[in-house]
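Please look over the structure below before reading on. The text that follows goes through its spaces and its metal site.

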Amino acid sequence: MPNETQYETEQEKIHIVQPVLQQGYRELAAEAEALIESAGAACAGTTYAEVREINPATYLGKGKLETIEERLHGLPVTVLFNGELTPSQTLNMSAALGGRKVIDRTTLILDIFARNAKSSEGKLQVELAQLKYIYPRLKGKGEALSRLGGGIGTRGPGETKLETDRRRIRARIGALEAKLQELKQRRELVRTRREKQAMCTISLIGYTNTGKSTLLNFLTDAGVYAENRLFATLDTTTRKLSIDGSDYLLTDTVGFLRDLPHSLISAFHSTLESALQCDLALIVCDAQSDHEMQLRTTLATLAELKSNVPYLIVMNKSESLTSFDGYPHGSIFVSAKYGRGIDALKNEIARFFRGARAELTLHVPYAALGAYAQLKKYADELSFSYLDDGVRIRIRTLRHYLYKFMPFAEHTPQNG
Ligand SMILES: Nc1nc2c(ncn2[C@@H]2O[C@H](COP(=O)(O)OP(=O)(O)OP(=O)(O)O)[C@@H](O)[C@H]2O)c(=O)[nH]1
Ligand SMILES: [Mg+2]
């Protein structure tokens with residue numbers, strides 16, 4: 001987005017303060033760097049801060065904060081505390097760091113979402129997430145939020161709401177939820193219509209920046225935005241994919257991140273939910289980075305959304321792998337960018353849908369042919385014969401549509 005610099009006079013510089021609490025803190029700091037760049041800011045170093053005991057007022061101890069301030073003294077940098085802070089901790093930490101701006105991880109992520117939301121639904125969802133994050137933190141601390149000045153944490157639709165009181169925020173949250181609910185219902189309608197065409201649906205899901213949009217583009221010429229930044233995609237795009245003469249609908253949607261702020265998950269709940277109402281999910285991972293964590297995060301998010309959609313694991317960015325060991329069994333290795341492994345992926349998809357189908361013999365009384373006609377679109381008819389009291393039809397359908405046909409399933413006579 002090249003024209004963004006027009007109104008951002010200077011790129012915000014951000015110093016990461018990474019609390020050292022558990023293993024994997026270096027990866028977390030590296031991810032924070034990617035988040036900072038995705039927010040259009042620049043990373044200005046990292047300080048690792050061991051936390052022996054959380055100071056309730058400032059999170060980090062006095063000595064630690066002094067060391068950080070010494071290091072940053074005179075530099076116009078914002079501090080990203082790569083964890084979650086309460087509003088008063090944010091204020092106190094800022095005071096201890098010479099009054100410089102301090103943001104936490106959730107604020108940064110919400111900012112990225114705010115700048116990347118394109119559709120009106122996406123914007124509403126981000127606003128809802130921002131307000132839900134701010135609301136419980138607004139205990140007369142409006143000042144804490146409004147004194148941040150500009151830059152990260154002050155952008156997006158939430159910005160103008162910062163000075164408003166809790167009552168108005170609550171009203172706005174209610175209005176946003178109602179509006180999103182309306183959009184959800186509209187989407188359900190589209191989905192039912194689509195279900196009527198009985199096209200098989202596939203969704204690309206997975207960790208952010210793994211190449212989901214690139215894969216959609218390669219498979220369908222969708223031309224959606226794909227970029228080396230986190231949360232490039234917030235909106236859902238669906239395109240037709242043809243494999244061996246069969247048509248599927250392929251959907252690309254928002255990606256996941258470990259410890260994604262809860263307000264965001266709940267705001268994007270219906271987007272994710274509808275993406276997961278598919279016949280097959282392709283879980284895309286980045287074979288060149290921490291694919292284990294990516295898969296774990298994705299599966300945890302699926303569980304949280306109570307989805308039990310069948311999935312295939314797609315290891316993308318595999319063009320320069322020298323070993324295929326250590327990847328989950330059955331992974332399909334592709335390179336969306338260089339178009340490798342795509343035929344194998346298509347074969348696996350076709351194979352899944354062959355296996356996902358079942359055959360059934362129906363006995364439809366003549367009087368019920370009208371009702372049966374409503375179901376026809378969900379199945380291929382393999383054979384059709386006229387009997388005295390109705391028709392016998394052999395069908396093939398996706399297993400999860402079988403229940404629709406059960407009222408007409410032919411009663412197989414028991415022995416004797
Ligand atoms: N080396 C390599 N890079 C790839 C491959 N596929 C995608 N990329 C790069 O990975 C980055 C992210 O790609 P996207 O398609 O935007 O990823 P995404 O999963 O849609 O990411 P979000 O929408 O941000 O969650 C881009 O810079 C792509 O060019 C690949 O097969 N190999
Ligand atoms: Mg994307």
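In this predicted model, the largest pocket lies between domain 1 (1–194) and domain 2 (199–354), because both domains give residues to its lining. The space in this pocket comes to about 490 Å³. Its lining is made up of 22 residues, and those nearest the centre of the pocket are Glu 31, Ala 34, Asn 209, Leu 230 and Ser 289. Two elements give two or more residues each to this lining: helix 1 (25–38) and helix 11 (291–304). Of the elements, helix 1 gives the most, with seven residues. Sorted by character, the lining of the largest pocket has nine charged, seven polar and six nonpolar residues.

The next topic is the metal site. Which protein atoms are the donors of the magnesium ion (ligand 2)? They are OG of Ser 213 and OG1 of Thr 233, lying 2.0 to 2.1 Å from the ion. Ser 213 belongs to helix 8 (residues 212–220), while Thr 233 sits in the loop between helix 8 and strand 6 (237–243), so the pair ties together parts 20 residues apart in sequence. Ser 213 and Thr 233 are both buried.

Closed spaces remain to be described. There are three cavities of 30 Å³ or more in the model. The second largest cavity has a volume of about 60 Å³. Among the residues that line this cavity are Phe 113, Phe 256 and Phe 268, together with Leu 260, Leu 264, Leu 272 and Thr 301. Its lining holds eight nonpolar and two polar residues, and no charged ones. The lining of the largest pocket, by contrast, includes nine charged residues.

Terms used
Residues numbered from 1 in each chain as written. Chains lettered and ligands numbered in written order. Predicted model: local features only at pLDDT ≥ 70, side-chain atom pairs only at ≥ 80, totals over all residues. Heavy atoms only, no water. 1 Å grid on protein atoms, 1.4 Å probe; cavity = no way out; pocket = protein on both sides within 12 Å on 5 of 7 lines; lining within 4 Å. Points joined across faces, edges and corners; volume = space filled by probe spheres on them. Nonpolar A, V, L, I, M, F, W, Y, C, P; charged D, E, K, R; others polar. Donors = N, O, S within 2.8 Å, 3.2 Å for Na, K, Ca; no water. Helix = DSSP H or I, 4+ residues; strand = E, 2+ residues; numbered from the N terminus. Buried < 20%, exposed > 50% of the residue type's maximum accessible area, 1.4 Å probe, protein only. Domains from an automatic or database assignment.
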